[in-house]
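Visitor: Can you walk me through this one?
Guide: Yes, here it is.

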2 protein chains.
Amino acid sequence: MRSLTVVTGNPGKAREVASYFAGILEVGHVACDLPELRDNDIGTIAREKARCAYEMLNAPLIVDDTGFFVDALAGFPGPYAAYVQDTIGNVGILKLMEGARDRSAHFETAIAYADDAGIRIFRGILPGTIASSPRGVEGFGYDPIFEHDGRTLAEIPLAEKSRISHRGRALAALREWLICQND
Amino acid sequence: MRSLTVVTGNPGKAREVASYFAGILEVGHVACDLPELRDNDIGTIAREKARCAYEMLNAPLIVDDTGFFVDALAGFPGPYAAYVQDTIGNVGILKLMEGARDRSAHFETAIAYADDAGIRIFRGILPGTIASSPRGVEGFGYDPIFEHDGRTLAEIPLAEKSRISHRGRALAALREWLICQND
């Protein structure tokens, strides 16, 4: 009889497959959850991208990943910010926030720097709140519904936004570290 | 001066980094989008998991991935069904569906079978609609809000659900193919 190994952290799934193929296949089970590439931590995602890129380049490099986390939605959309923006969008987020008292949220960028010494993560966080309706014309994505210090990101000129943003803060942390390395 | 390569499909990001580190680092740019592990197609996700698992095992194996696609939400939550269930949950999906005329949705499971001949994908799809409110006590996840032929999946006994489900259909397609291979 041919054999088949089910790789899953869920023993119920392995049993289901074993009974489904009884008499047809010898079914084994390796109890391991494969590395979930859809990680909840953007630092982990950036690290994995950097590892992969460094294998190609073998030269110092950075990659980054950004997430958007809404407290009242248990962190949603988190690392899936881009996908959620493309599907339910700002209209969907505002709908989900109807009646929510806690409107706090934050952006986080993780920059992964890779060189022959390994990979180092630099994070930048921008705290704020979800606005009651979209405001402003600058930027893109969640900018019109994300308020920081009384203005939405779409109400802040790009040059100023670049300085204060999650991405700007992560870049600043990386620059500071690089300058120290050069000394 | 030390050098730094930015790996990104977005030339704007590469320019931003170059100007940010002017005078500190020589910034190069490799214009490539790294393989997005958060793919929209569950067949692609399952294929990548199978490839990775086969490297460990070198024996015939299957892995699977399941997505939940709501038409009125542009396919959301798609491959992120598990993450979305853990954050905004069924309450969130029903909120997003308020006022939606088109309530059609489907589950899709992709099973990736790997052996020394390569990887083959078997898909199973279960079409249905989003219920107006949760019903039933069987199953888990989206089952109480997903209607198929007049009943929610949470109103269908497990044995019956296993036969008709997306996962059952994908397993049936795999079994049929395996039996033909054995002939």
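Guide: What follows covers how the copies relate, the nonpolar core and one strand. This is a predicted model, where local features need pLDDT of at least 70, side-chain atom pairs count only at pLDDT 80 or more, and totals for chains, interfaces and linings use all residues. Residues are numbered from 1 along each chain as its sequence is written, while chains are lettered from A and ligands numbered from 1 in the order in which they are written.

Visitor: What rotation superposes chain A on chain B?
Guide: One of 180 degrees, with 0.0 Å of shift along its axis and an RMSD of 0.1 Å. The two copies are thus related as by a two-fold rotation axis. The fit is by least squares on the C-alpha atoms of residues with pLDDT of at least 70 in both.

Visitor: Which residues touch the most other members of the largest nonpolar core?
Guide: Ile130(A) and Ile130(B), in a core of 48 residues. Such a core is a set of buried Ala, Val, Leu, Ile, Met, Phe, Trp, Tyr and Cys residues joined through C-beta atoms within 7 Å. Buried means 20 or more other C-beta atoms within 10 Å of a residue's own, with C-beta atoms placed from the backbone.

Visitor: Switching topic, is β5(A) mostly covered or exposed?
Guide: Mostly covered: 9 of the 12 residues in strand β5 (residues 104-115) of chain A are buried. Strands here are DSSP runs (E, at least two residues), numbered from the N terminus.

Visitor: What does β5(A) join through a hairpin?
Guide: β6(A), through 2 residues. The two strands run antiparallel with 12 bridges, and Ala105(A) stands opposite Gly128(A).

Notes:
Helices (H or I, at least four residues) and strands (E, at least two) are DSSP runs, numbered from the N terminus. Two strands pair if DSSP finds at least two bridges between them.
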